[in-house]
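Student: Please take me through this model. I want to know what stands behind each term.

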Amino acid sequence: MEQKLLIVDDEAHIRMLIGQTLEELEDEGVNFFTAENGEQALEIIQAERPQLVFLDVMMPKMNGMEVCRRVKKELGLNDVFIVLLTAKGQELDRQKGQEVGADVYMTKPFDPEKILEKAREVLQLQN
Amino acid sequence: MLKLSLKTILSKKNETASIIASLIERLNASVWIEDDTGNILLGNRSETCKVEQVIKVDNEPVGVVRGDETANIVAAIINQSIQKEAEKKKLGSEVLNLYQEINLIYNFSERLAQAIDAPTISAITLEEAGRVIKSNGGVVLLWDEATERLKILASSGALFFVEEKLYSEIRLLSKILLSGQSEIITDVSALSQAGILLPEVRSVIYSALKVNKRTMGAIILSSNELVQYTAADLKLLTTLALQSSAAIESALLYEKNLREAKEREEAMRLVYEATGKFVPYEFIGSLGHNVITDVKLGDQVEKIVTVLFSDIRDYTSLSEQMSPEENFKFVCSFNERMGPAIRKHNGFINQYLGDAIMAIFPRNAEDALLAAIEMQKEVQDLNRIRASNNQTPIQMGVGMHTGPLIMGITGDEDRMDATTISDSVNIASRLESLTKHYSVNIILSESSLKQIERKEGFHLRSLGLVQLKGKREAVEIHECFDSNALPDMEKKLNTLAAFNEGVSFFLNKSFHEANLAFKKVVDVDPGDHTAKFFYRNTKKIIDEGVFENGVGIVAMHEK
């Protein structure tokens, strides 16, 4: 099945950095998608059903928590693995993240190695 | 090395594919693009293959464009696209590297914040450094200003230097390390030859630990392989060194402060202890204070205590035979024995007056009596030693009295001293001087005796009443002969009844009977000088008549 990956962040450089970190996966055939806000993210998730989503929490209008809640609780799309990304110091979100059904929680600045490792794990692509 | 596939360039996401496709259509050209395995990525294969352009990325062939002359244009477009993509990737890769650095420094800061001592901080730094910089081993050195030596704060991985050389090859190392630079040493021969580095070391990278423009040490990593350390590696090491320098400096300052605080505390404690030896703390406590610094002029307390005086008889003539130094030595060793005897029985020495000691027993007269007995025993001990040294034995008299006493602080603001003002002191002192006249060791007044509950525990003889000079009322006094030599004590016990009888007659002015009684005692025990004293006294009264005051009291005209 075609592997799909979605990167959601309102900051372009973060989208680029995560893309850069996971670039080798693109060469291994994973399809990359990006979104810069919550609404776009929801559209792409519903249309493309990516296996893995990196979702920033701090976004204007609809934030990551809301997106996650809609995907997991309202739409019930449980085969979409969601990694919530939040800035250090906002770690109280961890509790909330659990409530909205996020699968994993990571802080920014993110550890590129950890991101790559998690992606390989979820997409079942061993190194 | 760039990983860029033709497939990616021509993927739907890239406009390049659609541009090429519409170009081919427009020009009605025959062009197709193959990847390096011969698969068609774009276009259709046809017979015409006039042009063949190999597409390369980083000089590696990734595919080929074939067809008519349009193929050249197509190849050019693809190469443009590749270049753009390559630039983008290169930039992205650099930014990612920076991001990784930020992440590293962030995590490092967090870890540092939790460490408080220099060795731990150094170990954490080595760990982080070793994680990103290729090395076999590392060490963090600190220049210890106190010992003027290099000190190892932490080390990791394989040992790569000779420790003794660290201490001996100071000059060479100082030049390199304490110059405040950060460097990659590609030529380690100088250090290897000096025996500082182990022979298997090939590359070294180090960064100085600096704080306030002062170089305090260095972090050094080494590798047994020839590693081409980059400027980026050095920059990273320098960043880690910078952060850890500040943390280490703080830790060292903290330790220093702790140490100094402890030393000050210890010094104060010693002073406090010392002052206690000069001013008895029992005194300060009685004045209602906890610390000597609270004591002020006019502080006073009145209490019923037992005052004890001791004095060495005929000390003047004894001291004449000694030099000042011998005198001092004698008094010193004498006091050294007396002090513990007094303290053992809850007393404290109020004053040393040459060969005399004034002690106060706040609790009970029995304490004082026990102390007096022990003091006399110490004198006997001393005399045994003196005898073996062919020195004349000394004799000490002890007098004690129980009564009210005011202890207070007098003087002026700049010179204060503890003072006792009390009649009890005078009485005790005079009782002590009486010991010579009565030829006894220890005299206690009736007031002291009253305070002693278990009188049967002591060997006592009443000595009647005595009129002290300048005093209105007579004082009843007693002898305690517990400290006398055993034979003497036994004799006194034997004659005790007769003696007491004598005293009783004496007080009743039955001087005849008294005289007879005392004669009995003297007959049995010619060595009982006290009995002799009374015997002579009574005889004198009989022969010469009663004393002026007409009361059966021994009058003391001397002080």
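Tutor: We go through the sheets, the chain contact and one helix.

Tutor: This is a predicted model, in which local features need pLDDT of at least 70, side-chain atom pairs count only at pLDDT 80 or more, and totals for chains, interfaces and linings use all residues. Residues are numbered from 1 along each chain as its sequence is written, while chains are lettered from A and ligands numbered from 1 in the order in which they are written.

Student: What makes strands S1 and S4 of chain B a pair?

Tutor: Two strands pair if DSSP finds at least two bridges between them. Strands here are DSSP runs of E, at least two residues; helices are runs of H or I, at least four; both are numbered from the N terminus. S1 (residues 31–35) and S4 (residues 60–67) of chain B share 5 bridges, so they pair, and they run antiparallel. One bridge partner is Gly67(B), opposite Val31(B).

Student: Why are S2 and S3 of chain B at the edges of the sheet?

Tutor: The open sheet has 4 strands in the order S2-S1-S4-S3 (chain B), with antiparallel pairing. S2 (40–43) and S3 (51–57) of chain B each have a single partner strand, so one side of each lacks a neighbour in the sheet. The twist averages 20° from one strand to the next.

Student: What is the sheet of chain A like, and which strands are at its edges?

Tutor: The sheet of chain A is open, with 5 strands in the order S2-S1-S3-S4-S5 and parallel pairing. S2 (31–35) and S5 (104–108) of chain A have a single partner strand each, so they stand at the edges. S1 (residues 4–8) and S3 (residues 52–56) of chain A are joined by 4 bridges. There, Val8(A) has Leu55(A) as its bridge partner.

Student: How many residues of chain B are in contact with chain A?

Tutor: Contact requires C-beta atoms, placed from the backbone, to lie within 7 Å. 11 residues of chain B are in contact with 10 residues of chain A.

Student: How do you know that the length of helix H12 of chain B agrees with its residue count?

Tutor: The expected span is 1.5 Å times one less than the number of residues. H12 (residues 365–388) of chain B has 24 residues, so it should span 34 Å; its end C-alpha atoms are 35 Å apart, which agrees.

Student: Why is Leu369(B) called buried?

Tutor: Buried means 20 or more other C-beta atoms within 10 Å of the residue's own; exposed means 12 or fewer, and partly exposed lies in between, with C-beta atoms placed from the backbone. Leu369(B) is buried, so it meets the first cut-off. Other buried residues of H12(B) include Ile373(B) and Val379(B).

Terms used:
Axes are lines fitted to C-alpha atoms, for helices over the stretch in contact, and angles run from 0 to 180 degrees between N-to-C directions. Two residues are in contact if their C-beta atoms, placed from the backbone, lie within 7 Å.
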